[in-house]
Amino acid sequence: MGEVCKRVAPSVREEEEEEENGDGGGVDPAAESSSAKLYEDVPEMPLMALNHISRLCKSIDASVRFYVKALGFVLIHRPPALDFNGAWLFNYGVGIHLVQRDDARRAADVNPGDLDPMDNHISFQCEDMEMMEKRLNEMGIEYMKRTINEEEGSPIDQLFFKDPDGFMIEICNCENLELVPAGALGRLRLPRDRHNPPLRMAAAGNDEA
């Protein structure tokens, strides 16, 4: 998929300049202290976890191969009622639903240009960044590599790359970043095992799941 590209994170000075220009994204203490008001009329929701994301793609076969070979997803059966071309994949507690697009349609959140961490993307938490980077190199996938938050003592390593249709994916060790609710302590709900679909083993001798 082209020459492998490695890019380093912006310098600390560049990040400081962004903050001085108002792009740092810091939390206003005054706003944080009153953020609880944001949740006053929000009931406890029955949501459990992210179930799937859906992607328009120009080639179902190419996209299936990418998500299986690069990210370890597994093909699963689609309901027969879905009579259009597509594929479902699942792993890590989340599904990816691929839909064949026609020439007149392109996903609105796809930027075919350079890798930009500020573009729309999905992110997967990773427990072995070196192994993931090695896999990208083996497959010849162009990627951007950077480390952020070093000055705070909790460095986060990131890899950014794109799928065959230009949709950006991030791999990170974001567990290094402390999760601090802003005025909503007690409202966080972590995923439960039962949000995963039931697994039906295929018949003996059949490799399909």
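Student: Does A70 count as buried or exposed?
Tutor: This is a predicted model, in which local features need pLDDT of at least 70 and side-chain atom pairs count only at pLDDT 80 or more, while totals for chains, interfaces and linings use all residues. Residues are numbered from 1 along each chain as its sequence is written, and side-chain values use heavy atoms, leaving out hydrogens and water. Burial is judged by relative accessible area (under 20% buried, over 50% exposed, partly exposed in between; 1.4 Å probe, protein chains only). Because its relative accessibility is 5%, A70 counts as buried.

Student: Which residues is A70 in contact with, leaving aside its neighbours within four places in sequence?
Tutor: A70 belongs to the loop between α3 (60-69) and β2 (74-76), helices (H or I, at least four residues) and strands (E, at least two) being DSSP runs numbered from the N terminus. Its C-alpha atom is separated by 7.0 Å from that of R135, although the two residues are 65 residues apart along the chain. With contact taken as heavy atoms within 4.5 Å, and with neighbours within four places in sequence set aside, the partners of A70 are R65, M132, R135, M139 and I141.

Student: What percentage of the contacts with a separation of 6 or more do residues 24 or more positions apart account for?
Tutor: The protein has 209 residues, and buried residues make up 30% of them. Its secondary structure comes to 4 helices and 8 strands, following the pattern α-α-β-α-β-β-β-β-α-β-β-β along the sequence. Among contacts with a separation of 6 or more, the portion that falls to residues 24 or more positions apart is 64%.

Student: Which strands of the open sheet are edge strands?
Tutor: Strands are said to pair if DSSP finds at least two bridges between them. The open sheet holds 4 strands with mixed pairing, in the order β5-β8-β7-β6. The strands that pair on one side only, and are thus the edge strands, are β5 (121-125) and β6 (143-148).

Student: What is the bridge partner of L159 in β8?
Tutor: Strand β7 covers residues 156-162 and runs antiparallel to β8, residues 168-172, with 5 bridges joining the two. One of the pairings across these strands sets L159 opposite a residue of β8, and that partner is I171.

Student: Which strands does helix α4 touch where it packs on the sheet?
Tutor: The sheet in question is the open one with the strand order β5-β8-β7-β6. Helix α4, made of residues 129-138, packs on this sheet, and the strands it touches are β6, β7 and β8.

Student: Which residue stands opposite I76 in β3?
Tutor: Strand β3 spans residues 86-91, and 3 bridges join it to β2 in an antiparallel arrangement. Across this pairing, the residue of β3 that stands opposite I76 is W88.

Student: Which residue in the turn of the hairpin formed by β3 and β4 has a positive phi?
Tutor: Strands β3 and β4 (residues 94-100) run antiparallel and are joined by 6 bridges, with V99 of β4 as the bridge partner of G86. The two strands form a hairpin with 2 residues between them, and the turn residue with a positive phi, of about 60°, is Y92.

Student: How far are the C-alpha atoms of N85 and R101 separated?
Tutor: N85 lies in the loop between β2 and β3, and because its relative accessibility is 46%, N85 counts as partly exposed. Apart from neighbours within four places in sequence, N85 is in contact with I60, R78, L98, V99 and Q100. From N85 to R101 there are 16 residues along the chain, and the separation of their C-alpha atoms is 8.8 Å.

Student: Why is the pair formed by the rings of Y67 and F73 edge-to-face?
Tutor: Rings of Phe, Tyr and Trp (its six-membered ring) pair if their centres lie within 6.5 Å, and planes under 30 degrees apart are stacked, over 60 edge-to-face and the rest tilted. Both Y67 and F73 are buried. Because the ring centres of Y67 and F73 lie 6.3 Å apart with their planes at 90°, the pair is edge-to-face.

Student: Which residues do ring pairs link into a cluster?
Tutor: The structure holds 6 aromatic pairs. Among them is the edge-to-face pair of F66 and Y67, at 5.1 Å centre to centre with 90° between the planes, and both of these residues are buried. The cluster linked by ring pairs consists of F66, Y67, F73, Y92, F124 and F161.

Notes: Axes fitted to C-alpha atoms, helices over the stretch in contact; angles between N-to-C directions.
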